[in-house]
Amino acid sequence: QVHMVESGGGLVQAGGSLRLSCAASGRTFSSYTMGWFRQAPGKEREFVAAIRWGGGNTRYADSVKGRFTISRDNAKNTVYLQMNNLKPEDTAVYYCAADTGGYTSSSRSAYDYWGQGTQVTVSS
């Protein structure tokens, strides 16, 4: 199975930036679609962004368009989420996920492997 570890979360003031990283194991990483989801307390896990293996096909939730950027470095088996102009409503645990189907799905059920999450807290 694929193991993934998120890092880069923390506490930031509104308007600030964070860059999340997700390091994945497995030599087949480059063939996976990778996604980012987030979950706030009492809320359903929410789609944030996804990127196909080639890096040229991306999808974003409307709530983060223009502020967040997803990217990947297949040589490092790593996917990134650059988060700019953060807002208090971005506060959540952020998870990376891998979809062996190879499409930029926004559905949680499409993803086969999940990391343990990293906390992002944005203060007012």
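How many disulfides does the structure hold? The structure, which is a predicted model, holds one disulfide, and the legends below begin with that bond.

**View 1. The disulfide between C22 and C96.** C22 and C96 form a disulfide in which the sulfur atoms lie 1.9 Å apart. Because C22 belongs to strand 3 and C96 to strand 9, the pair ties together parts of the chain that are 74 residues apart in sequence. The torsion about the S-S bond of C22 and C96 is about 50°, and the disulfide is therefore right-handed. Both cysteines, C22 as well as C96, are buried.

**View 2. The largest nonpolar core.** The largest nonpolar core has 33 residues, and of these M34, W36, L81, M83 and Y94 touch the most other members. Several strands each supply at least two residues of this core, among them strand 3 (18-24), strand 4 (33-39), strand 5 (46-51) and strand 7 (68-73). Strand 8 (78-83), strand 9 (92-99) and strand 11 (118-123) likewise each supply at least two residues of the core.

**View 3. The surroundings of M83.** This close-up is centred on M83, which is one of the core residues that touch the most other members. When residues up to four places away in sequence are not counted, M83 touches G16, S17, L18 and L20, and also R67, F68, Y94 and V120. Among these contacts, Y94 is itself named with M83 as a core residue touching the most other members.

**View 4. The salt bridges of R38.** The structure holds four salt bridges, and two that involve R38 are the subject of this view. Side chains of opposite charge can pair when their charged atoms come close. E46 forms a salt bridge with R38, with the closest N and O atoms 2.9 Å apart. The side chains of R38 and D90 also meet in a salt bridge, for which the N to O distance is 2.9 Å. Since R38 lies in strand 4 and D90 in the loop between strand 8 and strand 9, this pair ties together parts that are 52 residues apart in sequence. R38 is buried, with a relative accessible area of 6%, and D90 is buried too, with a relative accessible area of 0%, whereas E46 is partly exposed at 35%. Salt bridges that share partners join R38, E46, R67 and D90 into one network.

**View 5. The salt bridge between D62 and K65.** In this view the side chains of D62 and K65 meet in a salt bridge, with a distance of 3.2 Å from N to O. D62 counts as exposed, because its relative accessibility is 66% and the cut-off for an exposed residue is over 50%.

**View 6. Two asparagines with positive phi.** Most residues other than glycine have a negative phi, and this view turns to two residues that have a positive value. Phi of N77 is near 50°, and N77 is placed in the loop between strand 7 and strand 8. Phi of N85 is likewise near 50°, and N85 lies in the loop between strand 8 and strand 9. N85 is partly exposed, with a relative accessible area of 42%.

Notes
Residues are numbered from 1 along each chain as its sequence is written. This is a predicted model: local features need pLDDT of at least 70, side-chain atom pairs count only at pLDDT 80 or more; totals for chains, interfaces and linings use all residues. Side-chain values use heavy atoms; hydrogens and water are left out. A nonpolar core is a set of buried Ala, Val, Leu, Ile, Met, Phe, Trp, Tyr and Cys residues joined through side-chain atoms within 4.5 Å. Buried means under 20% relative accessible area, exposed over 50%, partly exposed in between (1.4 Å probe, protein chains only). Helices (H or I, at least four residues) and strands (E, at least two) are DSSP runs, numbered from the N terminus. Contact means heavy atoms within 4.5 Å. A disulfide is a pair of cysteine sulfur atoms within 2.5 Å.
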